[in-house]
Amino acid sequence: MTAPRDRLAANSGRPPSRLRPVLPQDLSSLTRALLVVPAPQRSNLCQHLFDLAEQAAGHVARTGQLHPQWGNGTLDAAARQCCGPLGAEPFWDDLNYINCLRIALAELEHRLAR
């Protein structure tokens with residue numbers, strides 16, 4: 001069965017997303033991975049993690065097997081496999097966390113719009 005986002009892409013003339021459906025846990029893990037690196041490196045790491053998740057999702061789609069390094073193609077798996085222990089989940093009033101979440105959401109929007 002085609003994923004809802006892929007059906008929408010087919011109707012809009014856009015190619016289907018290479019990302020797996022993104023859940024709140026994916027954004028939480030991605031954001032926590034960004035927290036542990038210096039601010040100037042966060043955008044590049046975020047893009048890299050999206051690339052790894054797309055690569056793993058493609059591998060899973062082709063082979064039916066988990067990617068040996070990056071897992072099941074989710075952002076959660078890419079963040080956990082690539083970055084090791086994630087930062088602790090902070091409260092939502094942490095400005096550093098909010099800035100990392102903005103980076104993650106901006107990259108998600110960029111990937112979905114292409």
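This dialogue reads helix packing, burial and cysteines in a predicted model.

Trainee: Where should I start, and how many helices and strands does the protein have?

Mentor: Start with the list of elements. The protein has five helices and zero strands, and from the N terminus the order is α-α-α-α-α.

Trainee: What share of the residues is buried?

Mentor: Of the 114 residues in the protein, 39% are buried. Sequence separation is another thing to read. Among contacts with a separation of 6 or more, 61% join residues 24 or more positions apart.

Trainee: Take one pair of helices. At what angle do the axes of α2 and α4 cross?

Mentor: For a helix pair, read the distance and the angle together. The axes of α2 (residues 24-35) and α4 (residues 75-83) come within 7 Å and cross at roughly 25°. Angles under 35 degrees count as roughly parallel, and α2 and α4 are therefore roughly parallel to each other. The crossing of α2 past α4 is left-handed.

Trainee: Which residues make that contact?

Mentor: From α2 they are Q25, D26, S29, L30, R32 and A33, and from α4 they are L75, D76, A79, R80 and C83. Sorted by class, the contact has five nonpolar, two polar and four charged residues.

Trainee: Which residues of α4 are buried?

Mentor: In α4 the buried residues are L75, D76, A77, A78 and A79. Their packing partners are α2 and α3 (42-63).

Trainee: What follows α4?

Mentor: Here the backbone angle is the thing to read. G84 follows α4, and its phi is positive, near 70°.

Trainee: Now the cysteines. How many disulfides are there in the whole structure?

Mentor: A search of the whole structure finds zero. C82 is in no disulfide, and the nearest cysteine sulfur, that of C83, is 4.1 Å away. The cut-off for a disulfide is a pair of cysteine sulfur atoms within 2.5 Å.

Trainee: Is C82 buried or partly exposed?

Mentor: C82 is partly exposed, with a relative accessible area of 29%.

Trainee: Why is C100 without a bond to C46?

Mentor: Distance again. The closest cysteine sulfur to that of C100 is in C46, and at 9.2 Å this is too far for a bond.

Trainee: Is C100 buried or exposed?

Mentor: C100 counts as buried, because its relative accessibility is 0%.

Definitions and conventions:
Residues numbered from 1 in each chain as written. Predicted model: local features only at pLDDT ≥ 70, side-chain atom pairs only at ≥ 80, totals over all residues. Heavy atoms only, no water. Axes fitted to C-alpha atoms, helices over the stretch in contact; angles between N-to-C directions. Helix = DSSP H or I, 4+ residues; strand = E, 2+ residues; numbered from the N terminus. Parallel < 35°, antiparallel > 145°, perpendicular 65-115°, else oblique. Left-handed = near helix turned anticlockwise from the far one by under 90°. Contact = heavy atoms within 4.5 Å. Nonpolar A, V, L, I, M, F, W, Y, C, P; charged D, E, K, R; others polar. Buried < 20%, exposed > 50% of the residue type's maximum accessible area, 1.4 Å probe, protein only.
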